[in-house]
Amino acid sequence: MEDELFPEQVGMNRHSKNSAADAIAEMLVELGAARQAAVSVIALDLYSRELAKLPIEAVKAAIHSLSLAKRRDFEPAFPDLPTLLEAVEAEERKRNPGRFVSCDKCTNGIVFRIIKGEQFAGHCECFETWKQARAAARVT
Ligand SMILES: [Zn+2]
C-alpha cells in the first residue's frame, strides 16, 4: 500500500499550512494505528481539513474515544467522515450542554413530518434530549 502514511510523513505531505489541520492529521494517523487501519493521504487530507473547522478540544476528545472504542461488526477499521463528525458533535454536546447542536436529521432541532398530505413541524429527538439535559443540569 503505497499511500499508507507514517506519522513522520504527515508534515511533509501536506500542502496546507493550517496548524490545526496538521495536528488533527497527526491524531488521525494515531487513530489509524490504534485501529490497525491504513489511512490514505487523500482521506487524511480531507478529514483533517473538515475537522479543523470544528472546536479542536472536541475533535481531540472524539478521536481519543474512537481510538479506544472497540470495533463493531461491519464497522470499517477507520471511521468514515460522517462517523467522525458525529463523534465530534457528541463531544461538543457533552462539553457544552448549554449549547444546542442539531443532529443531521433536523434543522436547528426542527423536523418536518408529512401526515395525511399535510406538513407538520415538530421538535427533533436531539432537541428533546438537549432540553432534558439542560433541565437536569439546572436541578443539580
Ligand atoms: Zn435533530
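1. G122 sits in strand β2 (residues 118–123); strands here are DSSP runs of E with at least two residues, and helices are runs of H or I with at least four, numbered from the N terminus. This is a predicted model, in which local features need pLDDT of at least 70, side-chain atom pairs count only at pLDDT 80 or more, and totals for chains, interfaces and linings use all residues. Residues are numbered from 1 along each chain as its sequence is written.

2. Is G122 buried or exposed? G122 is partly exposed, because 13 other C-beta atoms lie within 10 Å (20 or more means buried, 12 or fewer exposed, in between partly exposed, with C-beta atoms placed from the backbone). Beyond its neighbours within four places in sequence, G122 touches V111 and R113 (contact: C-beta atoms, placed from the backbone, within 7 Å). F112 is 10 residues away in sequence and 6.3 Å away in space, C-alpha to C-alpha.

3. Now for helix α3 (residues 41–51), where L44, Y47, S48 and L51 are buried. These residues lie on the same side of α3, because they cover an arc of only 95° around the axis (the arc of directions from the helix axis to the C-beta atoms). On the other side, I42 and L46 are exposed. The cover over the buried residues of α3 includes α2 (19–34), α4 (56–68) and α5 (81–95).

4. A last look at two of those helices: α2 and α4 pack at about 10°, their axes 9 Å apart (axes are lines fitted to C-alpha atoms, for helices over the stretch in contact, and angles run from 0 to 180 degrees between N-to-C directions). That makes α2 roughly parallel to α4 (angles under 35 degrees).

Technical notes:
Two residues are in contact if their C-beta atoms, placed from the backbone, lie within 7 Å. Angles under 35 degrees count as roughly parallel, over 145 as roughly antiparallel, 65 to 115 as roughly perpendicular and the rest as oblique.
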